[in-house]
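Grab a viewer and a coffee, and work through these exercises at your own pace. Try each task before you read its solution.

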Amino acid sequence: MRNLILALTLSSVTLGLAADPIKVLIIDGQNNHKWDITTPVLRNILDTAEVFQVQVSTTPPKGSPAPAWDSWRPKFSDFAVVVSNYNGELWPEPVRKDFEAYVSGGGGFVCVHAADNAFPDWPEYNRMIGVGGWGGRNEKSGPRLFIKDGKLMRDTSPGKGGSHGPQHPFPVTIHDQEHPVTKGLPLVWMHRQDELYNSLRGPAENVTVLASAVSEQTNDAEPMMLAITYGKGRVFHNAMGHADYSMLCRGFYEVMQRSTEWAATGLCAATAALPADFPSADKESEVKLDGYPKLTPPAPKK
Ligand code: ZN
């Protein structure tokens, strides 16, 4: 009887742990993109993985007076991972210091698309994301990264950081088959219509480029997914995700789910199963979500 009780206790403890959701905080509120349309897609991506518990923290709108910012104090330490859908005004210093301590202390961070445009003048943020674009970034921000013959190249020549051509679907090439986020993914898969960022520049410390896409502007394989170590923290930088129709790609869903779990735990234990409708090298795969896309994609151009 005692053994039975012990076994029951152990199994319930084990089940309890397995059922513990990974707490995720999405930050939005300012962006030169339609964050109010894309945050619900990000939520759907995380909710449908059935391992995350998601909260959203929305900053004050652009131009808000100081008191509005004084009351925006997200408690990062309550979460295993922070997902940023934010590109706007500099956060107040106490929030910046909290965020630096959170990530360097082992917190997870996932940077989505234009979140890598944010904060050109916040050095620690740029160390977290590795590379970023626009906002006056140039060679002083750090090298531009690209992949050549499977190797990571660092271009330190003068030039601005951040550019893209017209939107179009594009093939994503995986460069690291051992990383938990990319393990088992097709080596090349067709992403849905998106902006293909190129010439991102930054400190690029402790960076692994997991996937790239060839830009029609640079003719180079530009980083699309980067894994960065910042102190004890794991950062995943996803350059894709311009609009809802870009995110409604089964490949983007899978990468977002895996990278959020990885940034939180270092593993993709709950999210690694490859969906049957994952895109192939030449065929994209749309995720159907009621009411979406809300945005109208411009005619794709090469
Ligand atoms: Zn964009």
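What follows is a set of exercises on this structure, each with a worked solution.

Before you start: this is a predicted model, in which local features need pLDDT of at least 70, side-chain atom pairs count only at pLDDT 80 or more, and totals for chains, interfaces and linings use all residues. Residues are numbered from 1 along each chain as its sequence is written, and side-chain values use heavy atoms, with hydrogens and water left out.

**Exercise 1. Cysteines**

Task: find how many disulfides the whole structure has, then look into C111 and C249.

Solution. Start with the cut-off: a disulfide is a pair of cysteine sulfur atoms within 2.5 Å. Searching the whole structure with that rule turns up zero. Next, take C111: its closest cysteine sulfur belongs to C268 and sits 18 Å away, so a bond is out of reach. C249 is in no disulfide either, with the sulfur of C268 as its nearest, 17 Å off. Last, check burial, where buried means under 20% relative accessible area, exposed over 50%, and partly exposed in between (1.4 Å probe, protein chains only). C111 comes out buried at 0%, and C249 is buried at 0% too.

**Exercise 2. Helix α2**

Task: compare the span of α2 with the expected one, and work out what covers its buried residues.

Solution. Helices (H or I, at least four residues) and strands (E, at least two) are DSSP runs, numbered from the N terminus. The expected span of a helix is 1.5 Å times one less than its number of residues. For the 13 residues of α2 (35–47) that gives 18 Å, and the end C-alpha atoms are indeed 18 Å apart. Now pick out the buried residues: I37, T38, T39, V41, L42, N44, I45 and L46. Their cover includes two strands, β1 (22–28) and β2 (52–58), and two helices, α6 (244–247) and α7 (250–265).

Then step past the helix to E50, in the loop between α2 and β2. E50 isn't a glycine, yet its phi is positive, about 60°. At 71% relative accessibility, E50 is exposed. As background, most residues other than glycine have a negative phi, and most peptide bonds are trans.

**Exercise 3. A β-α-β unit**

Task: which handedness does the unit of β3, α4 and β4 have, and what does α4 pack against?

Solution. First, the strands; two strands pair if DSSP finds at least two bridges between them. β3 and β4 run parallel, joined by four bridges, and V81 faces G108 in β4. β1 and β3 are parallel as well, with four bridges, and here L25 stands opposite V82. Both faces of β3 are covered, with V81 and V83 buried on one side and V82 and S84 on the other.

Second, the helix. α4 (93–104) has 12 residues and reaches 16 Å between its end C-alpha atoms, close to the 16 Å expected. Its buried residues are V95, R96, F99, E100, Y102 and V103. They span an arc of only 165° (taken from the directions from the helix axis to the C-beta atoms), which puts them on the same side of α4. They pack against β3 (81–84), β4 (108–112), α5 (123–129), β10 (221–230) and β11 (233–238).

Third, the crossover. It's right-handed if, with the strands pointing away from the viewer, the path from the first strand over the helix to the second runs clockwise. β3, α4 and β4 make a right-handed unit.

**Exercise 4. Strand β9 and its partners**

Task: how is β9 paired, and is it enclosed or open?

Solution. Begin with the partners: β7 (168–174) runs antiparallel to β9 over two bridges, and T173 faces S212 in β9. β10 also pairs with β9 in the antiparallel sense, over seven bridges, and V209 stands opposite L226. Then count burial: six of the eight residues of β9 (207–214) are buried, so the strand is largely enclosed by the rest of the structure. Finish with the hairpin of β9 and β10, which has six residues between the strands and a positive phi near 60° at N219.

**Exercise 5. A threonine in α7**

Task: is T260 buried or exposed, and what does T260 touch?

Solution. T260 is in helix α7 and is buried, at 0% relative accessible area. Contact means heavy atoms within 4.5 Å. Leaving out neighbours within four places in sequence, T260 is in contact with V24, L46, F52, V81, V83 and V110.
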